[in-house]
Amino acid sequence: FWRSSVELVTPHLPCRAKTNVMFLKTHKTASSTILNILFRFTEKNNLTIALPANQLVHLGYPETFTTSFVEEFKTIGQNYNIMCNHLRFNRLEVQKVMAENTFYFSIVRNPVSQLESSYVYYKDAAPAFRASKDVNEYLASPMSYYHKVNYKQNIYAKNNMWFDFGYDNNAEDDESYIQEVLQEIEQNFHLVLIADYFDESMILLKHTLCWDLDDVIYFKLNSRKEDTVQTLTPESKERVKVWCSLDWKLYLHFNQTFWKRIQEAMGLEELEKEVNLLRARQKELMETCLSDWRPVEKTHIKDKALMPFQSGAASILSYNLNQDLDNKSLRACQKVVMPELQYMSYLYALQHPHKKRKQLGFPLFWNSFQEN
């Protein structure tokens with residue numbers, strides 16, 4: 001099923017695929033799509049993944065990560081291959097879980113679109129968002145709504161990516177402090193991708209990890225209906241850069257290193273060729289898997305087990321699969337469109353069969369879907 005008519009000829013010397021990988025999943029940065037890629041890679045290669053303990057659905061977020069958030073850490077120790085669920089980064093604790101040769105990567109997004117996405121998605125969760133009418137009103141006077149007392153509930157409302165990397169999202173915008181943090185992130189992470197250039201990011205990731213093209217094929221997950229996107233005024237866009245100045249500087253820095261890495265790894269011409277191959281392969285899979293060529297809104301999702309978690313005012317989309325797929329193709333297609341919580345709970349049941357199943361409040365089809 002996964003073999004393509006689009007074959008990729010790689011001129012480079014063969015390298016060995018990296019199987020020890022830690023992905024810091026940041027918020028509203030297309031990271032759910034990357035999670036699906038990592039979940040499929042885990043399953044395909046029969047790897048061990050660090051999953052949230054007991055009934056947790058993430059690794060302790062927004063608390064700073066400790067090993068106690070990982071299921072069976074005391075038994076499995078440093079023998080996990082993959083770690084990718086939401087956590088707030090804490091290098092010393094993560095290193096206790098992951099092998100020494102682990103590849104660390106993350107992803108950032110332009111804070112202007114990232115904040116708007118957070119606003120709609122976390123409208124009910126963040127007091128600062130709840131108290132304002134819309135994103136433009138919020139940005140016109142953020143301090144009227146954002147109170148440091150509520151900072152734990154308001155992490156989505158200011159410098160959220162900075163917080164995810166493990167730093168204080170209310171820190172002063174001080175040049176030497178920012179440089180110090182950026183340097184530390186560069187030491188902790190081998191690669192930081194850019195959500196705004198997602199296909200380019202997947203190609204760079206494929207090269208760096210020495211994976212196949214099919215390992216980074218994806219359908220966009222956790223995206224929302226167009227009419228829930230709020231249009232930022234030009235003033236609001238500029239205000240985000242000031243209000244989320246730590247995130248803005250984080251983004252500018254890694255946007256620069258990203259293109260530098262592309263130049264070193266392959267150059268723009270090769271990049272364009274590979275991006276085109278990725279898109280052609282994706283189109284091929286969409287024709288095979290999907291009955292509607294595009295994601296559909298929640299009321300039109302036929303298989304309720306493929307219903308993603310719905311949050312705030314965002315209508316989160318999913319896919320309908322072709323009805324006439326053979327069993328093998330159906331399974332492969334289901335995996336590519338599988339929402340994050342369902343896939344996580346499925347891997348949890350596979351890896352920890354004696355543990356109580358995750359109670360997600362979703363229709364789950366793992367019983368019928370369980371592979372022998």
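In strand β1 (residues 21–24), Val21 and Phe23 point one way while Met22 and Leu24 point the other, and all are buried. This follows a general pattern: side chains in a regular strand alternate between the two faces of the sheet. The model is predicted.

**The sheet**

β1 belongs to an open sheet of four strands, ordered β2-β1-β3-β4, with parallel pairing. Its edge strands are β2 and β4, each of which pairs on one side only. Strand β2 (residues 82–83) is joined to β1 over two bridges in the parallel sense, and four bridges join β1 to β3, these two also running parallel. Residues that stand across from β1 are listed below.

| β1 residue | Residue opposite | Strand of that residue |
|---|---|---|
| Val21 | Ile82 | β2 |
| Met22 | Met83 | β2 |
| Phe23 | Phe105 | β3 |

**Helices on the sheet**

Helix α10 (residues 198–209) lies across β1, β3 and β4 and runs at about 155° to β4. α12 also packs on the sheet, where it touches β3 and β4; the direction of α12 makes about 100° with that of β4.

**Nonpolar cores**

The largest nonpolar core has 92 residues, and within it Met83, Phe105 and Met202 touch the most other members. α12 gives the most to this core, with seven residues. Leaving aside residues up to four places away in sequence, Phe105 touches Val21, Met22, Phe23 and Leu24, along with Ile34, Leu38, Phe189, Leu191, Leu193 and Leu205. Another core, of 23 residues, lies apart from the largest one; among its residues are Tyr61, Tyr122, Val135 and Ile155.

**Helix α9**

Helix α9 covers residues 175–188; at 1.5 Å a residue, its 14 residues should span 20 Å, and the end C-alpha atoms are 20 Å apart, which agrees. Its buried residues are Ile178, Val181, Leu182, Ile185 and Asn188. Viewed down the axis of α9, these buried residues fall within an arc of 125°, so they line one face of the helix. The face turned away from the buried side carries Ser176, Glu180 and Gln187, which are exposed.

What do the buried residues of α9 pack against? Their partners include two strands of the sheet described above, β3 (103–108) and β4 (191–194). The helices that they pack against are α3 (91–97), α8 (160–164) and α12 (245–265). α12 thus appears both as a partner of the buried residues of α9 and as a helix that touches β3 and β4.

Methods:
Residues numbered from 1 in each chain as written. Predicted model: local features only at pLDDT ≥ 70, side-chain atom pairs only at ≥ 80, totals over all residues. Heavy atoms only, no water. Expected span 1.5 Å × (residues − 1). Buried < 20%, exposed > 50% of the residue type's maximum accessible area, 1.4 Å probe, protein only. Arc of directions from axis to C-beta. Contact = heavy atoms within 4.5 Å. Core = buried A, V, L, I, M, F, W, Y, C linked by side-chain atoms within 4.5 Å. Pairing = 2+ DSSP bridges. Axes fitted to C-alpha atoms, helices over the stretch in contact; angles between N-to-C directions.
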